[in-house]
Amino acid sequence: MAEGSDTPAPPETGKVSSFTLRDFLIAAFFHIRIVSIAAILPLVIAIGAAFTSRTEYTANSLLLVIVTREVSNAQNVTNSGPPVMTIEGLKQVESEVQILESADVARATIEQIGIDRLYPPGRLSAITDLLGFGEDRMDKAVTRFQGSLRASVLSGSNVIQVSFTNPDRTIAVETTDALVRNYLAYRRKVLENPTAKILQLEVERFRRDLATVDKDIEDLKAKAGIIDFSQDAVLAANQVDSILQRRRQVSEREVAVTAQIDEADRQLKALPDSVFDFAETTNALPGDEDANTLTKLLLSRDRLAAQYAPGSQLLREIDKQIATVRQRINARQDRRYSTDRAVRNPQVNYIQNMILSLRVEQDSLARQKGELVDQQRMAEERLTVLRNAETPLIELNRRRDALSEGFREYQRRAVAANIEETAALSRQSAVRVVQEAGAAVVKRSLVLPLLAAGIFAGLLFGGAAGAMASALRTSFITPGEAERGLGLQAIATVDAETEESDGFGTETAISSCATLLLDTRIDDEPLRAIHFLSPDTDDSLTTFTRMLAEELARQRQRRTLLIDLANPTPYPLAAGFTETRGGISVTGTPVPNLWAAADLEASPLLDIRQPIAESEMMMADLKTAFDFVIVCSNLKGASLVTQRFCQLVDGNILAVQAEATRQPAALHLRDSVVESGGVLLGLVFLGRRYYLPHWLYRRA
C-alpha cells in the first residue's frame, strides 16, 4: 500500500496536520503487545477473583432512635434538671452509630456467635499459630467484623440501618440480631448513671447540717428571748428611747410640782383665815318641785281643752291632779322654817386642797422616777443581749441560707438523677428495633462486577500503557507525527512494502514529489537545487533521491544532476566521459538526462576550505549547466559539507525514516539547517508501515 492509494495527498506547505483518531489507533496497534499485556493482566486477575468469589448475604436491621426528655442520655450531675437534648438530634443519632460500631460490641458479638464459626480457620492457620502469628486472632476478627458491618443513618430521619455481610445466610441473620442485642445491652451499661446514690448522700448530709444549724438558731433565740430579731431589736431600741423620754418628762413635772407647792405655801401664808359671816332664811326645801309640776299640769290641761270637749274624762283627771298639787302648796305655806350658814374664806380651802394634791403628785412622781430608772436599766440590758446575739445569729442564718440552697439544689438533682436512672434502666427506652435482621436479607454476587471491573481496568491499563509507550517513544511511525514533532510539512511519503520496487504506489509518490518541487517558487524563481538531509545512515534516502532524479530526467525531461554524499557506493555509471561542471566531476548514467557526481573527494565544491563566495559561483555554474540539482547527504557522512550545501541550495528537505529516525536527532538536524541559514521546505517520510486493517483505514 502506498501513500497515493490509501492516504490523501500532502497538504499545502506550512500547514501541519492535527492529531486525529487514526493517529491514536495507529499508535495503539503499533504498541499492540504492550497494550495487550497491560490489558490482559487485570482482566486475568478479575476473572480469577470472579471465579474464587463467593455469594454473600447481607442481613439488614432497622433501629429507631427516640429523642425525648424521658430517655435522654445526657449526664446531668452538674445541671439543674434533665434537659431535652444537650446536642442536636442528628449528632445524638450519630453517637448511637458510633456505639454500635465500637470494638466492645463487635467483640461481644464474636464471642457469642463463635470466632471459629464466624471466621473458620484457613489452611495456613496452623502454620501461623506454630510461628506465633496467631496471638492476635481476636483483634483481627474484630477488624474483619467491623469491615463487614455497616451502620448508617437514613437520610432525613432518626432511623439507623444495621447491615452485616457473610457468605452464610443463617450466620448473617444470627450475627445481626446478636449485634443489636449486644448493642442495646452495652448501651444500657454505658448510659447507666450512678449519680443518684451520691446525690442522695449529699442530700442527707445537707439535711443533718440544716437540722444542726436550725437547733443552734432556736437555742440562741430561746436563750436571748428572740422571736423576730429585726422586730425585737426595733422594739428594744424604741423602749429605751421611750423610757428616756418619760424620765425627762417626769423630771420636768417634778420640778414644776415643787415650784407650785412652794408658791402655794407662800400664798397660803399671806391669806387670812376667815372672811365676813352672813345669814340667810328660806323656806325652800331641797328637791321641792310642786310649783314646776303645777305649771306643767296647767299647760297640759290647756292643750287637752283644745282637743277634747268639756267634761271629758281626760280633763276631769287632769283637774284632779291640779287640785292635789295646789292643796300641797297651800299646806306647805302654813309651815315656817329657816336655815342659818356661816362661810369662811374660800381661797384658804382652795389653796390647801391644791397643796395637798400637789404633794400627792410629788410623791407619785418620785416613785415613778424610780420605776423608770429600773425600766431603763432592764431595757438597756435587753438591748445589750440582742446586740450580743446579733453576730452569731447572722452567721447562723447565713450558714442556714447556704445549706438550704445547696440542699434544694442537690435534692432537685437527686430527683433528676433518679429519673435518668429509671429511663436508662428501661429496656430499649431510647432505641427501638423496627425491623429484624431475618426480614430483609440481600443476596449479592461479585462475579459480574468483578468481570466488568476487569474489563474496565484492562481498557484503562491498556490505554495507559499505550500512552506511556507512545510518550516514551522517540521515533516516528506516521507522517503526521513527524509533521507535529518537527513543525514541517510532509512533501512525500514512501511505503516500506514498495520502496525497493517500481510499484505504482512508489511511482505515484515520486511523481507527486517531483511535481511539487517543480511547481514551488521562491522569490518568484523556480527551484533549481534541492538538498535532502537525513540524520540516519541507511540507504532509504539514497534510493529515494535516485528515483526522484530518474523521474525528473526520464519523465520530466530535465537535465538533472545527482550528488550523493550519503552513500559511498556510486550510482551505476555508464561507460563514457567525465567532465567538470561547477567544481564537481560529473559523469553520465544509463538514464537519459541524468548525471551523477563522481570523484567527490577531488571536487573543489566539496572542499571545506573553499570560500563561500567561490562555492556560490560554482553552484551558479551547476544551475546553468543543469536544470535540476539534487544533493543527498547525512550528518555522519559529511556533516561540514552538509552545512555548506544548506546555504548553497534553493531549499532543504529533511528525510525521516519511519521507526528509525529519532526525534532529537531530527530536531538537531532541523535546527542546524536553520542556524546555517538554509531554507527548509518540508520533509519526506520513508519506510512507512500500515498497522491498521484496511477496513479500519477506510473508516477511521
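The following conversation concerns a predicted model of one protein chain.

Student: What should be known about the model before reading it?
Tutor: The model is predicted, so local features need pLDDT of at least 70 and side-chain atom pairs count only at pLDDT 80 or more, while totals for chains, interfaces and linings use all residues. Residues are numbered from 1 along each chain as its sequence is written, and side-chain values use heavy atoms, with hydrogens and water left out.

Student: How many helices and strands are there in the chain?
Tutor: The chain has 22 helices and 16 strands. Helices (H or I, at least four residues) and strands (E, at least two) are DSSP runs, numbered from the N terminus.

Student: What share of the residues counts as buried?
Tutor: Of 700 residues, 38% count as buried. Buried means under 20% relative accessible area, exposed means over 50%, and partly exposed lies in between (1.4 Å probe, protein chains only).

Student: And what area does the chain expose?
Tutor: About 40,300 Å², of which carbon and sulfur atoms supply 55%. Accessible areas come from the Shrake-Rupley method with a 1.4 Å probe; for residues, only the protein chains shown count as cover.

Student: Among contacts between residues at least 6 apart, what percentage join residues at least 24 apart?
Tutor: The figure is 81%. A contact means heavy atoms within 4.5 Å.

Student: Turning to the interior, which residues have the most contacts inside the largest nonpolar core?
Tutor: They are Leu-517, Phe-532, Phe-544, Leu-548 and Val-684, in a core of 30 residues. A nonpolar core is a set of buried Ala, Val, Leu, Ile, Met, Phe, Trp, Tyr and Cys residues joined through side-chain atoms within 4.5 Å.

Student: Which elements give two or more residues to this core?
Tutor: The contributing helices are α17 (504-519) and α18 (540-555), and the strands are β6 (490-495), β9 (529-534), β14 (628-634), β15 (651-657) and β16 (680-688). Helix α18 gives the most, with 7 residues.

Student: What does Leu-517 touch?
Tutor: Leaving aside residues up to four places away in sequence, Leu-517 touches Leu-527, Ile-530, Phe-532, Leu-548, Phe-628 and Ile-653. There is also a second, separate core of 28 residues, which includes Val-65, Ala-141, Phe-145 and Leu-179.

Student: Back to β9: why is it described as largely enclosed by the rest of the structure?
Tutor: Because 6 of its 6 residues are buried. Both faces of β9 are covered, with Ala-529, His-531 and Leu-533 buried on one side and Ile-530, Phe-532 and Ser-534 buried on the other.

Student: In what sense does β9 pair with β14, parallel or antiparallel?
Tutor: β9 and β14 pair in the parallel sense over 6 bridges, and His-531 stands opposite Val-631 in β14. β9 also pairs with β15 in the parallel sense, over 4 bridges, where Phe-532 stands opposite Ile-653. Two strands pair if DSSP finds at least two bridges between them.

Student: Changing topic, how many salt bridges does the structure hold?
Tutor: It holds 22. A salt bridge is a side-chain nitrogen of Lys or Arg within 4 Å of a carboxyl oxygen of Asp or Glu.

Student: What does Arg-187 form a salt bridge with?
Tutor: Its partner is Glu-96, and the closest N and O atoms are 2.9 Å apart. Arg-187 lies in helix α9 (residues 169-190) and Glu-96 in helix α4 (residues 89-100), so the pair ties together parts 91 residues apart in sequence.

Student: Are Arg-187 and Glu-96 buried or exposed?
Tutor: Both Arg-187 and Glu-96 are buried.

Student: Which residue forms a salt bridge with Glu-174?
Tutor: Arg-117 does, with the closest N and O atoms 2.9 Å apart. This pair links Glu-174 in helix α9 to Arg-117 in helix α6 (residues 115-118), 57 residues apart. Glu-174 counts as partly exposed at 30% relative accessibility, and Arg-117 counts as partly exposed at 38%.

Student: Where do Arg-253 and Glu-361 lie?
Tutor: The side chains of Arg-253 and Glu-361 meet in a salt bridge (2.5 Å, N to O). Arg-253 lies in helix α11 (residues 229-270) and Glu-361 in helix α14 (residues 346-425), so parts 108 residues apart in sequence are tied together.

Student: Which residues are linked in a network of salt bridges?
Tutor: Glu-202, Arg-205 and Asp-209 are linked in such a network.
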